[in-house]
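Me: I have this model open at the bench and would like a close look at one part of it. Please take me through that part in a connected way, with the terms explained as you go.

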Amino acid sequence: MGAPVVVFLHGLPNEAGTWAHTMAGLAATHHVYALDQRGQGRSEHPGVYSFELMRDDVLGFVPALGLRDVTLVGHSAGATVACLVAQERPAWLARLVLEDSPPPWPGGPRFTVPERPDGALDYDWDVFASLMAQVNDPDPNWWARLDRIAVATLLIHGGTASPIPADRAAEAVARIPDARSVTVEAGHQVHRERPAEFLAALHTFLVPPTP
């Protein structure tokens, strides 16, 4: 029997290398993968972007590599993608980890999308603009279908500096049938600001103590 599989989904805009420390910390016990999501990192820039398309990218990646019983770990926008995968294909997954982000919800905070920065970017600006438009006007089903997530789930909340209110994070956890949360006072970038604490929380969730 092979080692369990963990697939990491980065936030917006970012790339797979953001997970280097966490992946190194799990490499002795897990097969680890990190995706450059479309329009970012080394992935192609198709010019068409949405959370649903990114969900479908993951749904294509997993069977292409023959992966089974996958744990998805998503940060920010990547956590929304992970939730959509879990709602669509719960049988594929073993566990789900959401770093400081349940899916956007109707009536949630709205964000101003700035003008494109000058000069060359290491990501497609359209991916940022397109996904932020969805964050500002989210599909209500993303939130309503949290109860369809049928795997053990951990939400790692960034505490008082997080843009996600603690009560909203707690509500998301309550809607998922088998979910728990842990708070790491780090703000939105938990795995970057508190890498050791993030890895410890992840390891505890993925490798429960033997009786």
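Reply: Happy to, and the sheet is a good place to begin: six strands form an open sheet in the order 2-1-3-4-5-6, with parallel pairing. Its edges are strand 2 (31-35) and strand 6 (179-183), each of which pairs on one side only. From one strand to the next, the twist averages 15 degrees. Two strands pair here if DSSP finds at least two bridges between them. Helices (H or I, at least four residues) and strands (E, at least two) are DSSP runs, numbered from the N terminus. For the twist, axes are lines fitted to C-alpha atoms (for helices, over the stretch in contact), and angles run from 0 to 180 degrees between N-to-C directions.

A quick word on reading this: the model is predicted, so local features need pLDDT of at least 70 and side-chain atom pairs count only at pLDDT 80 or more, while totals for chains, interfaces and linings use all residues. Residues are numbered from 1 along each chain as its sequence is written, and side-chain values use heavy atoms, leaving out hydrogens and water.

Now zoom in on strand 5 (residues 152-157). Five bridges join strand 5 to strand 6, and the two run parallel; in this pairing Leu 154 stands opposite Arg 180. Towards strand 4 (residues 93-99), strand 5 again has five bridges and a parallel run, with Arg 95 opposite Ala 152. How many residues of strand 5 are buried? Six of its six are, where buried means under 20% relative accessible area, exposed over 50%, and partly exposed in between (1.4 Å probe, protein chains only). Both faces are covered: Ala 152, Leu 154 and Ile 156 are buried on one side, and Thr 153, Leu 155 and His 157 on the other.

Step back along the chain and you meet Ile 149, in the loop between helix 5 (140-144) and strand 5. Ile 149 counts as buried because its relative accessibility is 0%. Leaving aside neighbours within four places in sequence, Ile 149 is in contact (heavy atoms within 4.5 Å) with Cys 83, Ala 86, Gln 87, Leu 96, Ile 176 and Pro 177. Tyr 123 is 26 residues from Ile 149 in sequence, and their C-alpha atoms are 31 Å apart in space.

At the other end of the numbering is Val 5, in strand 1. With a relative accessible area of 8%, Val 5 is buried. Not counting residues up to four places away in sequence, Val 5 touches His 31, Tyr 33, Leu 67, Arg 68, Asp 69, Val 70 and Thr 71.

Next, turn to helix 2 (residues 51-64). Its 14 residues reach 20 Å from first C-alpha to last, close to the 20 Å expected at 1.5 Å a residue; that expected span is 1.5 Å times one less than the number of residues. Phe 51, Met 54, Arg 55, Val 58, Leu 59 and Val 62 are its buried residues. Down the helix axis they fall within an arc of 150 degrees, so they line one face of helix 2; the arc is that of the directions from the axis to the C-beta atoms. An α-helix has 3.6 residues a turn, so residues three or four places apart point the same way. What the buried residues of helix 2 pack against includes strand 1 (5-9), strand 2 and strand 3 (70-75), along with helix 3 (77-88), helix 4 (125-136) and helix 5. Just after helix 2, Gly 66 takes a positive phi of about 70 degrees.

A few loops deserve a look at their backbone too. Most residues other than glycine have a negative phi, and most peptide bonds are trans. Ser 76, in the loop between strand 3 and helix 3, has a positive phi near 55 degrees, and counts as buried at 18% relative accessibility. Asp 100 also has a positive phi, about 55 degrees; it lies in the loop between strand 4 and helix 4 and counts as buried at 0% relative accessibility. Pro 13, in the loop between strand 1 and helix 1 (20-26), follows a cis peptide bond from Leu 12, with omega near -20 degrees.
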